[in-house]
Amino acid sequence: MSQIKHIWAREILDSRGIPTVEAACMLDNGGVSVSSVPAGTSTGSHEALELRDVDNPRYLGQGVLKAVENVNGILGRSLIGLDPTNQQTIDNKLIEVDATENKSKYGANAILAISEAVLKGGATAVNQPLYAWIYQLASRNKITSNVKIPTALFNMVNGGLHGAGNLDFQEFWVVPASNKSFAEGLQIGVEIYQTIGLNLSRRGAIHSVGHEGGYAPNLFTNADAFEVFIESIKQTNYSLGRDVFLGLDVASNSFYKDGEYVIKDKNAAMDDSQFLEYYKSLYDQYKLAIIEDPYQEDAWDSWKKMVSSMGDSLLVVGDDLLATNPKRVQKAISEKACNAAVIKPNQIGTVTETLNVIKMVKDAGWKIVVSHRSGETNDSFIADFSVGVAADYIKSGAPARGERVAKYNRLSSIELELSSIK
Ligand code: PGA
Ligand code: ZN
């Protein structure tokens with residue numbers, strides 16, 4: 001049996017230039033595994049707490065020295081001598097030491113960084129690639145009986161809190177058909193991404209990319225982004241509805257106010273049922289296949305209406321609604337409030353709890369979308385994680401920018417490795 005010898009952390013920067021936690025785990029054989037955690041910009045209010053040094057002016061109050069200190073001190077010390085392959089014991093220990101509902105005492109950023117670093121250490125202890133080790137844990141948990149490379153939801157255009165342009169919706173996706181290999185899907189994604197860039201430039205509409213590498217244009221309406229997509233898809237000779245589909249993360253929390261949604265496509269503010277009519281028109285016009293956070297995070301009734309009226313042909317994905325939280329996921333399952341779930345390990349804070357939520361979601365027959373955050377590092381953890389749990393989809397942004405393509409490149413390499421095993 002391997003043992004954990006030492007755990008420590010440091011403060012590094014994420015892709016937005018904001019501090020985050022990187023933790024390292026040394027085993028008794030001297031091997032070291034490292035993991036860093038991402039952070040959201042449009043975070044939901046039901047997520048586990050990300051500990052920041054708000055009272056310390058360095059990094060404008062966004063430092064994570066307290067979280068680092070917690071890893072170096074009480075959290076790390078509590079795991080010394082334990083077996084890194086016993087992930088559940090490790091995570092239970094971290095939960096027990098923190099002893100708060102939302103990891104607010106020592107920080108979900110500190111706790112998850114350790115949980116992932118130990119998981120990577122466990123993979124080396126059993127001499128397996130990370131995705132295979134995660135698969136072993138997932139299959140023991142009856143989450144899946146096979147590994148699977150997910151389909152990417154390529155985030156081509158960034159708006160809302162992620163984009164410097166004027167769009168209300170946060171993410172506009174092009175999704176390769178799920179019968180494509182990952183390599184085929186990646187090529188399709190890149191060709192369409194670059195063609196969209198050329199078309200937006202020709203219109204004088206782009207001046208930058210957003211947090212996740214998608215273009216951040218100024219357009220007249222949100223739907224105009226889809227018009228540019230359709231034009232670009234035609235130019236690349238792919239076919240909408242056969243080779244590719246369209247999707248959205250509306251991230252509607254960010255523009256919901258006083259019971260209404262205001263978007264540039266409409267002159268007047270919309271209430272929830274008017275917004276549903278608008279979504280139906282988007283669905284009819286653009287063959288919308290998948291939509292995330294169409295309503296704000298506590299509008300349970302509106303979510304339910306959407307699923308009952310559109311859920312047969314549309315994937316309705318909960319992100320801020322669910323916050324990878326077992327209680328919220330349970331409620332959503334019993335109320336039929338969505339039919340797919342975003343899974344973000346840092347919304348809940350340990351690997352084991354994330355696996356447990358995935359189990360609930362899969363048992364309900366829903367689709368799984370494993371997701372990065374807008375503030376990422378070059379850690380490709382979620383790529384291996386998505387394969388090990390056999391996720392249906394992965395969100396890792398546009399097929400551009402280092403921290404986004406780190407995950408896509410890792411998936412390509414896993415696909416090659418798996419094809420050579422077969
Ligand atoms: P966030 O956005 O990482 O800024 O929360 C991602 C998402 O909403 O899916
Ligand atoms: Zn989202």
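In this predicted model, an oxygen atom of ligand 1 is found 2.9 Å from an N or O atom in the side chain of Q170. The side chain of S374 makes a similar approach, with one of its N or O atoms 2.6 Å from an oxygen atom of the ligand. K395 joins in as well, placing a polar side-chain atom 2.7 Å from an oxygen atom of ligand 1. The ligand has 280 Å² of accessible area on its own, and the protein covers 100% of that area.

Stepping back from these contacts, the surroundings of ligand 1 comprise 14 residues, and the closest are T41, H162, R373, S374 and K395. S374 and K395 thus appear both in this closest group and among the side chains with polar atoms facing ligand oxygens. The make-up of the shell is easy to remember: eight of its residues are charged, six are polar and none is nonpolar. Two parts of the chain contribute to this shell, with at least three residues coming from domain 1 (4-127) and at least three from domain 2 (151-421).

A look at the enclosed spaces of the protein completes the picture. Rolling a probe the size of a water molecule over the atoms reveals where empty space remains. Two cavities of 30 Å³ or more are counted in this way. The largest has a volume of about 100 Å³. It is lined by 16 residues, of which P38, E116, E376, F381 and I382 are the closest to its centre. Ligand 1, for its part, takes up the space of the second largest cavity.

Technical notes
Residues numbered from 1 in each chain as written. Chains lettered and ligands numbered in written order. Predicted model: local features only at pLDDT ≥ 70, side-chain atom pairs only at ≥ 80, totals over all residues. Heavy atoms only, no water. Near = heavy atom within 4 Å. Polar contact = N/O pair within 3.5 Å; in protein donor to acceptor, adjacent residues only side chain to side chain. Areas by Shrake-Rupley, 256 points an atom, 1.4 Å probe, with all protein chains shown as cover. 1 Å grid on protein atoms, 1.4 Å probe; cavity = no way out; pocket = protein on both sides within 12 Å on 5 of 7 lines; lining within 4 Å. Sits in = over half its atoms within 2 Å of the grid points. Nonpolar A, V, L, I, M, F, W, Y, C, P; charged D, E, K, R; others polar. Domains from an automatic or database assignment. Points joined across faces, edges and corners; volume = space filled by probe spheres on them.
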